[in-house]
Amino acid sequence: MTDQDIAFGERLVAFLPNLRRFAISLCRSRDIADDLVQAACEKALLGSERFEEGTRFDAWMFRILRNLWIDQLRRQKTAGSSEEIDAQPELAVPSGEAGSEARMTLKSVAAAIDDLVLEQREVLLLTCVEDLSYREAAEVLGIPIGTVMSRLARARKNLAEAAGIEPEAARSPDMRGGAR
Amino acid sequence: MSDMVFTDEILMAFADGELDDETTRRVEAALETDDELMARVAMFMETRAAANQALKPMLDEPVPDQLVENVRAMAAKATARNDGSRAADAANDSASADNIIAFRRPEPTAQTPRRPSQLMMALAASLLIVVGGVGGYFAGGAGTTDVGSLQVAGLVDPVVSGILDQRASGEEIAIGEGRVRLISTFEASGEQICREYEMKRPDQPDFVSVACRNAGGWQTQLAIVTPESGEGFAPASSLETVDAYLTSIGAGAPLEAEAEKKALAGRK
């Protein structure tokens with residue numbers, strides 16, 4: 001059993017770069033992220049026997065870390081620096097006049113991801129960056145798979161718009177239809 | 001436009017390889033005739049790739065030594081504790097780790113998302129035109145592609161046909177104010193001779209194309225409008241699309257100069 005414990009610790013260390021990337025993108029602060037990573041590792045080590053071999057270790061770790069972060073957000077709600085967990089998804093969607101301006105000053109992809117609201121950012125990170133399936137992301141986030149999909153689709157449309165990724169033809173099929 | 005309506009979620013799942021077989025087939029069928037749909041799929045593919053790419057450098061950032069040390073120390077402590085009184089501690093451990101819920105074993109399908117075929121991926125990555133073997137058509141990415149006399153029901157324009165019949169790969173030939181560059185000659189699925197070439201014309205979209213020769217002459221198999229890049233010919237992403245297409249039709253390796261000459265002279 002000792003071998004298994006050592007293996008678990010090493011596995012954790014090997015996974016630190018990914019865990020840290022997820023944490024930094026989640027809380028947008030390297031200092032907070034490192035504390036968060038450490039706390040998540042501590043929790044994982046305490047509950048290592050709860051990890052089922054054969055399941056995804058990364059998903060398990062992401063879930064622990066993300067739950068810690070959400071707890072922290074809840075506690076800090078009055079501290080001012082926190083982000084509304086249920087912030088309106090429309091916040092990042094430029095529209096009308098603001099939309100054209102936003103399009104002229106395109107952001108880098110990384111900056112555009114940072115600007116997504118938390119609920120869109122986390123689902124994008126888990127699926128598109130960390131390669132979890134929709135189902136795995138749903139388990140990490142504790143939400144239905146349908147919610148993962150609708151949030152993820154919105155996140156990617158917002159990202160495409162903010163960073164100018166959208167292929168031209170996709171931008172406005174309706175407008176094109178009208179112009180014909 | 002296809003007569004079916006696909007939601008963003010369906011197209012996204014298609015792009016991510018998470019769609020069931022039945023719906024995948026429906027989307028693939030619709031994509032063949034609907035370039036707006038293709039552009040929507042492309043958006044989901046490109047955002048995934050862009051997000052992945054943008055955050056990749058963070059993995060190379062060194063993890064702070066202090067953090068690594070702390071985690072190692074905690075792991076060592078956990079090992080020691082478990083050695084000491086594993087059974088007795090089990091209850092305590094689970095009490096302090098009550099937030100941790102083990103994952104259910106995922107279904108095999110969830111673990112290995114199926115990706116759309118290489119060809120569909122590559123096609124979606126560029127704004128495209130697919131021209132069928134029979135009576136092809138151009139469907140430009142911008143919906144406004146006018147290829148004028150260059151294409152009649154998939155038949156290659158006579159001037160270009162003449163060039164395809166005679167000129168060697170590597171040559172660049174002026175046609176009016178435009179230019180044709182011959183890229184390669186190869187055999188597809190047996191003995192049919194096919195050629196890949198690029199076309200650049202003023203005030204019209206550039207494209208890269210594959211044409212194959214049959215009894216009726218040169219028939220366009222595939223043409224892809226290449227983004228306005230100012231100078232030069234097709235960018236890499238379009239060429240990947242062509243490569244994927246060539247693979248899908250079982251194209252052989254490009255013929256050497258001598259073999260090309262022979263093959264072109266063989267049958268007209």
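**Entry 1: contacts of L59(B)**

I looked up which residues L59(B) touches in this predicted model. Setting aside neighbours within four places in sequence, I found L59(B) in contact with P17(A), N18(A) and R21(A). I then placed L59(B) in the chain: the residue belongs to helix α4 of chain B, which covers residues 57-60. Is L59(B) buried or exposed? I noted that L59(B) counts as exposed because it has 11 C-beta neighbours inside 10 Å, and a residue with 12 or fewer is classed as exposed.

**Entry 2: the overall score and the make-up of chain A**

I recorded the scores of the model as ipTM 0.77 and pTM 0.56. For chain A, I counted 10 helices and 0 strands. Read from the N terminus, the elements of chain A therefore give the run α-α-α-α-α-α-α-α-α-α, as DSSP assigns them. Of the 180 residues of chain A, I found that 47% count as buried. I also checked how far apart in sequence the contacting residues lie. Among contacts in chain A with a separation of 6 or more, 65% join residues 24 or more positions apart.

**Entry 3: confidence in chain A**

I noted an average pLDDT of 80 for chain A, with 72% of the residues scoring at least 70. Where in chain A does the pLDDT fall below 50? One such stretch is residues 81-103, for which the model has 26 contacts beyond near neighbours in sequence. A further stretch below 50 covers residues 169-180 of chain A, with 14 contacts beyond near neighbours.

**Entry 4: two helices of chain A**

I turned to helix α2 of chain A, residues 30-46, which has 17 residues. From its first C-alpha to its last, helix α2(A) reaches 24 Å, close to the 24 Å expected at 1.5 Å a residue. Buried residues in α2(A) include A33(A), L36(A), V37(A), A40(A) and C41(A). The charged residues E42(A) and K43(A) are also listed as buried there.

Next I examined helix α6 of chain A, residues 118-129. How many of the residues of α6(A) are buried? I found 12 of its 12 residues buried, and the helix is mostly covered. Among them are L118(A), E119(A), R121(A), L124(A) and V129(A). Just after α6(A), I noted that D131(A) takes a positive phi of about 65°.

**Entry 5: the nonpolar cores**

I looked for the largest nonpolar core and found one of 75 residues. Those with the most contacts inside this core are A23(A), L65(A), L124(A), L159(A) and V41(B). Which element gives the most to this core? I found that it is helix α3 of chain B, residues 35-55, with 11 residues. Apart from this core lies another of 25 residues, among them L182(B), W218(B), V242(B) and L246(B).

I then followed L124(A), which is buried in α6(A). Leaving aside neighbours within four places in sequence, L124(A) is in contact with I113(A), L116(A), V129(A), L152(A), A155(A) and R156(A). The list for L124(A) also holds A51(B), a residue of chain B.

**Entry 6: the make-up of chain B and confidence in it**

For chain B, I counted 10 helices and 8 strands. Of its 268 residues, 36% count as buried. Among contacts in chain B between residues at least 6 apart in sequence, 53% join residues at least 24 apart.

I recorded an average pLDDT of 72 for chain B, with 64% of the residues scoring at least 70. Which element of chain B has the lowest mean pLDDT? I found helix α6 of chain B, residues 108-111, lowest at 40, and helix α1 of chain B, residues 8-15, highest at 96. Over residues 87-114 of chain B the pLDDT stays under 50, and the model has 38 contacts beyond four places in sequence for this stretch. The pLDDT also stays under 50 over residues 126-153 of chain B, where I noted 65 such contacts.

**Entry 7: a hairpin and a loop in chain B**

I traced strand β4 of chain B, residues 172-175, to strand β5 of chain B, residues 178-188. The two strands run antiparallel and are joined by 4 bridges. In β5(B), G178(B) is the bridge partner of I175(B). The hairpin has 2 residues between the strands, and G176(B) takes a positive phi near 55° there.

Finally, I looked up A168(B), in the loop between α8 (158-166) and β4 of chain B. A168(B) is exposed because 11 other C-beta atoms lie within 10 Å. Beyond four places in sequence, A168(B) is in contact with L182(B), A257(B) and E260(B). A168(B) and T185(B) stand 17 residues apart in sequence and 8.6 Å apart in space, C-alpha to C-alpha.

Key:
Residues numbered from 1 in each chain as written. Chains lettered and ligands numbered in written order. Predicted model: local features only at pLDDT ≥ 70, side-chain atom pairs only at ≥ 80, totals over all residues. Core = buried A, V, L, I, M, F, W, Y, C linked by C-beta atoms within 7 Å. Buried ≥ 20, exposed ≤ 12 C-beta atoms within 10 Å, placed from the backbone. Contact = placed C-beta atoms within 7 Å. Expected span 1.5 Å × (residues − 1). pLDDT = per-residue confidence, 0-100. Pairing = 2+ DSSP bridges.
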